[in-house]
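User: I would like to go through some of the labels given to this structure. Please set each one against its criterion.

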Amino acid sequence: MGCVSPAVVVKAKRGRRRYLQLRVTPVVSCRRLERLLAGRLAEFRVIRCDEGEAVVRVPHTAVAAAREALNGDLGDGIAGETLATSGTLKGLQRRLAERK
């Protein structure tokens, strides 16, 4: 029989995730972006935030609602625009590299 590592997490328990690439204008700090998103999304995590762009992780069941919440006015005169969505960070990076 195979040996299962204790570090392996079954997606059914952890939940599937989606990664959204977000452009924010004007440029804001990661901490401020997190505070703005906390009022709009129930469950999220800012994975990366740099120079007006951020990667936000959300549950796959909430991706449509997250896209709707992140496009347009985020509050305090800050606008957001989702650029891409992917199931993996690597796929998101590849998709963005193709666009540039």
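User: Which residue of β5 is the bridge partner of glycine 72?

Analyst: In this predicted model, glycine 72 has glycine 80 as its bridge partner in β5.

User: What makes β4 and β5 a strand pair?

Analyst: Pairing takes at least two bridges between the strands. Three bridges join β4 to β5, so the criterion is met. The two strands run antiparallel and form a hairpin with two residues between them. In the turn, aspartate 76 has a positive phi of about 55 degrees.

User: How do you know that the buried residues of helix α2 line one face?

Analyst: The buried residues in α2, residues 30-38, are Leu33, Leu36 and Leu37. Viewed down the helix axis, they fall within an arc of 95 degrees, so they line one face. In general, an α-helix has 3.6 residues a turn, so residues three or four places apart point the same way. Arg31 and Arg35 are exposed on the other side of α2.

User: What do the buried residues of α2 pack against?

Analyst: They pack against the strands β1, β2, β3, β4 and β5, and against α3.

User: Why is arginine 57 said to have no salt bridge?

Analyst: A salt bridge needs a side-chain nitrogen of Lys or Arg within 4 Å of a carboxyl oxygen of Asp or Glu. For arginine 57, the nearest side chain of opposite charge is glutamate 43, 7.1 Å away, so the criterion is not met. Arginine 57 is nonetheless buried, and its place is in strand β3. Leaving aside residues up to four places away in sequence, arginine 57 touches several residues, among them Arg17, Tyr19, Glu43 and Phe44.

Note on methods. Residues numbered from 1 in each chain as written. Predicted model: local features only at pLDDT ≥ 70, side-chain atom pairs only at ≥ 80, totals over all residues. Heavy atoms only, no water. Helix = DSSP H or I, 4+ residues; strand = E, 2+ residues; numbered from the N terminus. Buried < 20%, exposed > 50% of the residue type's maximum accessible area, 1.4 Å probe, protein only. Lys, Arg positive; Asp, Glu negative; His and termini not counted. Contact = heavy atoms within 4.5 Å. Arc of directions from axis to C-beta.
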